[in-house]
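Biologist: I'd like a close look at one spot in this model and the parts around it. Could you take it slowly, and explain the terms as you use them?

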Amino acid sequence: MSFLQDNMVYILVATISMSIPLILASLGGIFSARSGIMALGLESMMMTGAFTAVVGTYFSGNAYVGLLAGMGGGALISYLYGILCIRYKVNQVIAGVGLNLLALSATTLLTELIWGNRGSSPQVASIQLNLSFLSKVPVIGKILEGQSILLLITGVFVCVAWFVLFKTVYGLRLRIVGENPKAASTMGLKVKAIKYQGVIICGMLAGLGGAYLSIDHIDLFQRNMTAGRGYIAVVIMILGRYHPFYVVVAALIFGFSDAIQIYLQGQGIPSQLMQTIPYVVTLFVLAFGVKHIRPPAGIGMHEDDH
Amino acid sequence: MESRARIKALLKKLMNRKVMISVLALVMAMVTSGIIIKLSGYSPVEAIMAIFEGAFNGKSAIARTLVQATPLILSGLAFTVAQKAQLINLGVEGQLYLGALATAMVGSMDLGVPGGLHLIFAILVGMLVGGLYAGIVGVMKVRFGSNEVIATIMLNSIAILVANYFVSGPWKAVGSVTGQTEKVLDQVRLARLIPHTQLTLAIAVAIISCLIMKWFFDHTVPGYEIKVVGQNKTAAKVAGIQTGKIVILSMLLSGAIGGLAGGLHVLGVDGRFITGFSPGYGFSGIAVAALGAGSPIGVIVSGLIFGVIRSGSMLLDLKTDIPLTYADVVQALVIIFVATPMLITEMIHKSKRVVSAMNPSSKKGEES
């Protein structure tokens, strides 16, 4: 009995820690999608964030500078995504895929140019602050005590995102732009500026999610370390109906499948087969879970379309 | 005089807008990556020279270039075929992986049939596996309206993991340390075109596949229907085309070509399936298809161009400290620039203005 209990705690701890980057990225994706730009470039923003976080930490020696650098890196690539989708009206899928490939190859190239090693960076400082002060809380204290401080920050961001999107004039404007850019433009809203803001908020959050992977979860950058999480975050965003709270629930499902996968690897089942679990779950959700969910109506549209 | 006019007409036909965009996108990708090289402290000119030397200097260099071009042409073709029906098949990498594994397994079994038959059978099984794997996405798309971009990315990860499981477990070659299958029988190895190189008939198969697909799209009913579905689904439905079937068909075809790319790599280059054999050929195919501007013939040309860049980058890797990944950066930039025709037309306008500002007397010559 206690054996099961121990494992349960272990799995729940892993569930939460694997969910954090997914929540952050899909939360970012909401801002982008709600402003009318489907965030298929999430993978590139996470990857770049993971990389620049390590670069920032490596050169400053401070992991918190690294976190900011991660957000900055994500913002930079999302700005690029914005330029492509908003200014040059590139097909959002192609722009996203192109940037994802660019981020993968550019981070690999830069890893080798900076550190002379293609596979990974050297170890850097990592975020050490955790929620140990919660260890006295009954029942969930055990699950929370080892979690990173970023869990708390993520929770705050989720609430702030909900408030901004649904309780402020700014959020209303952002959603109008995403539903009907033409009408928004007629109303006198600066459609392009709002779209850029949505995309850049998206990049900062996804970059933070990437930074969590590289300088919190572990302490170095590895080639292709996001491993498709950006795409999974897109599915989470859709499954969570483009809503911050539902996205948390959806992300926990995926975090759980990741945790089960990690747990079962230690149980003698071939690790490669276990690693497929999160991808298989995504595939099933994609097939059976999201068909009836309506995306913002203005996705892929421009205010000066005819 | 008449021949000159003919050449002019031919040039005009060749230099249509799509080709212009492709050429300029390639130039811009090279320039941008040159800037990256410059910023990292190397000389872009030296890098370009090294690439050309690595790609063309001598028989074995040219052979290596063509060997590199083979999977690029095929994965570019696979992407193009799906794109004709407005589908984005990012799953070529996974289809290529499973196709290679299937071909390697069939090729290593002694079936007691003559060499030629065995070879064709091995290739066909690889194509079938690749095709069916892509077909899953087609069915998901038609039946559940699933986004094929995400589905194919997930299937890539699954395919690579499952293949790695098989070759490091049940199907692992006896006595081998790394994950790989047994060698295929000698009778199924493809014939070498140049001795002592890896250049085999595979390059011919790749080019012929492109020609077949061109014929398929230009002269057959299903090919035509795929194009109609891609251009206007509603119109296709009104015209009585079963769009669902056509979507699945184009995914099947696309995946089969991806499987062919993997199978040819096994029978032509490695002689077995080796874990991690593909440096992302499937993804490179997106760049090849983008540069090829949706035409199977364009894919041949752009596959060769990327073959040059990839094979040249190998020498670049050896001679300078610029890593092989450089080729991947160029590819990603090409995808982005080809997708951004507005940027290119904007640049053309700007440069025209600059030219005419610098040289006002030349305005007459520009009228054409």
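Which helix of chain B is Val162(B) found in?

Modeller: Val162(B) is found in helix H7 of chain B. A few ground rules: residues are numbered from 1 along each chain as its sequence is written, and chains are lettered from A and ligands numbered from 1 in the order in which they are written. This is a predicted model, where local features need pLDDT of at least 70 and side-chain atom pairs count only at pLDDT 80 or more, while totals for chains, interfaces and linings use all residues. Helices here are DSSP runs (H or I, at least four residues), numbered from the N terminus.

Val162(B) has 19 other C-beta atoms within 10 Å, so it is partly exposed. For that label, a residue with 20 or more other C-beta atoms within 10 Å of its own is buried, one with 12 or fewer is exposed, and partly exposed is in between, with C-beta atoms placed from the backbone. Now for its company. Leaving aside neighbours within four places in sequence, Val162(B) is in contact with Gln272(A) and Thr276(A). Contact means that the C-beta atoms of two residues, placed from the backbone, lie within 7 Å. Within its own chain, the C-alpha atom of Val162(B) is 19 Å from that of His265(B), a residue 103 places along the chain.

Those two partners in chain A bring us to the interface. There, 36 residues of chain B are in contact with 38 residues of chain A. On the chain B side, helices H6 (115–144), H7 (148–168), H12 (281–291), H14 and H15 (341–358) each supply at least two residues. H7(B) gives the most, with 11 residues. Sorted by class, this side of chain B has 25 nonpolar, 10 polar and one charged residues. Here Ala, Val, Leu, Ile, Met, Phe, Trp, Tyr, Cys and Pro count as nonpolar, Asp, Glu, Lys and Arg as charged, and the others, Gly among them, as polar.

One of the other helices in that list, H14(B), is worth a detour. All told, 13 of the 13 residues of H14(B) are buried, so this helix is largely enclosed by the rest of the structure. Its length checks out too: at 1.5 Å a residue, the 13 residues of H14(B) (326–338) should span 18 Å, and the end C-alpha atoms are 18 Å apart, which agrees. The expected span is 1.5 Å times one less than the number of residues.

Back to H7(B), which also has a packing partner in its own chain. H5(B) (residues 92–108) and H7(B) pack at an angle of about 25°, with their axes 8 Å apart. That makes H5(B) roughly parallel to H7(B). Axes are lines fitted to C-alpha atoms, for helices over the stretch in contact, and angles run from 0 to 180 degrees between N-to-C directions. Angles under 35 degrees count as roughly parallel, over 145 as roughly antiparallel, 65 to 115 as roughly perpendicular and the rest as oblique. The H5(B) and H7(B) crossing is left-handed. A crossing gets that name if the near helix is turned anticlockwise from the far one by less than a right angle, and is right-handed if clockwise.

From H5(B), Glu93(B), Gly94(B), Tyr97(B), Leu98(B) and Leu101(B) meet Leu155(B), Asn156(B), Ala159(B), Ile160(B), Ala163(B) and Phe166(B) of H7(B). By class, that contact has eight nonpolar, two polar and one charged residues.

For contrast, try another pair in chain B. H8(B) (residues 202–219) and H11(B) (residues 243–270) pack at about 165°, with their axes 10 Å apart. H8(B) and H11(B) are therefore roughly antiparallel to each other, and their crossing is right-handed. Ala202(B), Val205(B) and Ser209(B) of H8(B) make the contact with Ile257(B), Leu260(B), Leu264(B) and Gly268(B) of H11(B). Five of the contact residues are nonpolar, two are polar and none is charged.

Finally, set Val162(B) beside Ile73(B), which lies in helix H4 of chain B. Ile73(B) has 32 C-beta neighbours inside 10 Å, so it counts as buried. Not counting residues up to four places away in sequence, Ile73(B) touches Ala206(B), Ile207(B), Cys210(B), Val288(B), Val299(B), Ile300(B) and Gly303(B). The C-alpha atoms of Ile73(B) and Phe306(B) are 8.9 Å apart, although 233 residues separate the two along the chain.
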